[in-house]
Amino acid sequence: MAWGAIGQGTPDGGTYQPGEDSVGPPDAPPAISVAAGTFYSCAVKQDGTVWCWGSNGGGWLGDGTRLDRLAPTPAGMANATTIVSGGYHTCALNQSGAVWCWGRNSHAQLGDGTTYDRVSPAPVAGLSGVIGISAGERHSCAVNQGGRVWCWGDNAHGKLGDGTTDTNTPVEVVELSEAIAVDVSDSHSCALKRDGTVACWGDNGDGQVGDGTRIDSPYPVQVEGLSTATAISTGTYHTCASKQDGTVVCWGNNIYGRLGDGTTTTIRLTPTPVMGLTEVRATASSYWHSCAVKLDGTVACWGVGGAGQLGNGTTDDRSTSTPAVGLSQATAIAVSDYHSCAIRQDGTVACWGNNGNGQLGDGTTIQRLTPTQVIGL
């Protein structure tokens, strides 16, 4: 890995100066967006500042260093509205509709025209009017106000959706319009459209594209039998969507019960209902597991639980949804391979699961099997 230049200043005139001991101001404004990377986490506060914690070997905390943090430390970003993370890079959307990314850039996933890693935020080239973003391990995507989707980085399996090769700046996904949200995993990408349908592209070896085949697609194809989706989430080998009726469907690889249908049937090529799950507002998916936020503010998770990432007080796998213990008033959820985080209605953040690098933000490296408060958030 080649360590690259530091990012190009603080976006939109941010004033916070990262420091080794920063753990958040005493009267911290509430969090409005949360992201979970492989061994780190980040959140956007209501004042537009970005705070990150956990592993920082490649600068993915955005604080200008490569020092691990056991509690939130400010990244060099202001006026942010949304935060997302891939495996080892982070991107934020700001109030003006521009996108800034930082961290690992070995496959041009930062979209700044280089392959240099960044320890501070750098602008994605040529993007404006963006309303939604998502980051996978080696690529990233954004949807703009016109319903078009743009992607950049590694294009293995055709996950950039333009039928070409890798690119270090954004390219438009072809044959796709009326998108309102985008979500990407390590190897495939999906977009939610205004009419409630979902289109996916990229790696389909486990049926995660949802078109009834296992054939990779370099261009968007419609997910079969899904017309009332309200939100989408992509794991490495599976995909999930919440529907207008409050239920959730998933498709793709189902080993360890990742699809939540009560079985461990290896592959589902089209959407299959998650058992016993209703009144859902949003989902989040990772390599091993998925979680859903319900309208009553509770969180339910399913799939692999070996690191405690299901939040149910055990390390057991679950093939059906199981409640995260002691968590109420949740409004948003983010998951990585081995940990999960949620925002509560009051803007506080709780995380659970693996904590070997301080990614739970509670000031320790102790694994947590149930949700634990993040310091200062």
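Asp112 and Arg118 are both buried in this predicted model. Their side chains meet in a salt bridge, with 2.7 Å from N to O. Side chains of opposite charge can pair when their charged atoms come close. A search of the whole structure finds seven such salt bridges, and three of them are set out below.

| Salt bridge | N to O distance |
|---|---|
| Asp112 and Arg118 | 2.7 Å |
| Asp154 and Lys159 | 3.0 Å |
| Asp261 and Arg268 | 2.9 Å |

Where do the partners of these pairs lie, buried or exposed? Lys159 and Asp154 are both buried, as are Asp112 and Arg118. In the pair formed by Asp261 and Arg268, Asp261 has a relative accessible area of 9% and is therefore buried, since buried means under 20%. Arg268, at 26% relative accessibility, counts as partly exposed.

**Nonpolar cores**

Buried nonpolar residues form a second theme. The largest nonpolar core has 16 residues. Those with the most contacts inside this core are Val50, Met77, Ala80, Ile83, Ala92 and Trp102. At least two residues of the core come from each of four strands: S2 (40–45), S3 (50–54), S5 (80–85) and S7 (99–103). Strand S2 gives the largest share, three residues.

Which residues surround Ile83, one of the residues with the most contacts inside the core? Neighbours within four places in sequence are left aside here. Ile83 is in contact with Ser33, Val34 and Ala35, with Cys42, Ala43 and Val44, and with Val50. Its further contacts are Thr90, Cys91, Ala92 and Trp102. Among these partners, Val50, Ala92 and Trp102 also appear in the list of residues with the most contacts inside the core.

Apart from this core lies another, of 14 residues, which includes Val293, Leu310, Ile333 and Val335.

**The protein as a whole**

The secondary structure comprises 28 strands and zero helices. The radius of gyration is 19 Å, close to the 21 Å that the globule rule gives for 377 residues, so the protein is as compact as a globular protein of that length. Along the principal axes, the C-alpha atoms fill a box of roughly 50 × 45 × 35 Å.

Of the 377 residues, 59% count as buried. The accessible surface comes to about 12,900 Å², and carbon and sulfur atoms account for 47% of this area. Among contacts with a separation of 6 or more, 50% join residues that are 24 or more positions apart.

Methods
Residues numbered from 1 in each chain as written. Predicted model: local features only at pLDDT ≥ 70, side-chain atom pairs only at ≥ 80, totals over all residues. Heavy atoms only, no water. Core = buried A, V, L, I, M, F, W, Y, C linked by side-chain atoms within 4.5 Å. Buried < 20%, exposed > 50% of the residue type's maximum accessible area, 1.4 Å probe, protein only. Contact = heavy atoms within 4.5 Å. Salt bridge = Lys/Arg side-chain N within 4 Å of Asp/Glu carboxyl O. Rg over C-alpha atoms; globule rule 2.2 N^0.38 Å. Areas by Shrake-Rupley, 256 points an atom, 1.4 Å probe, with all protein chains shown as cover.
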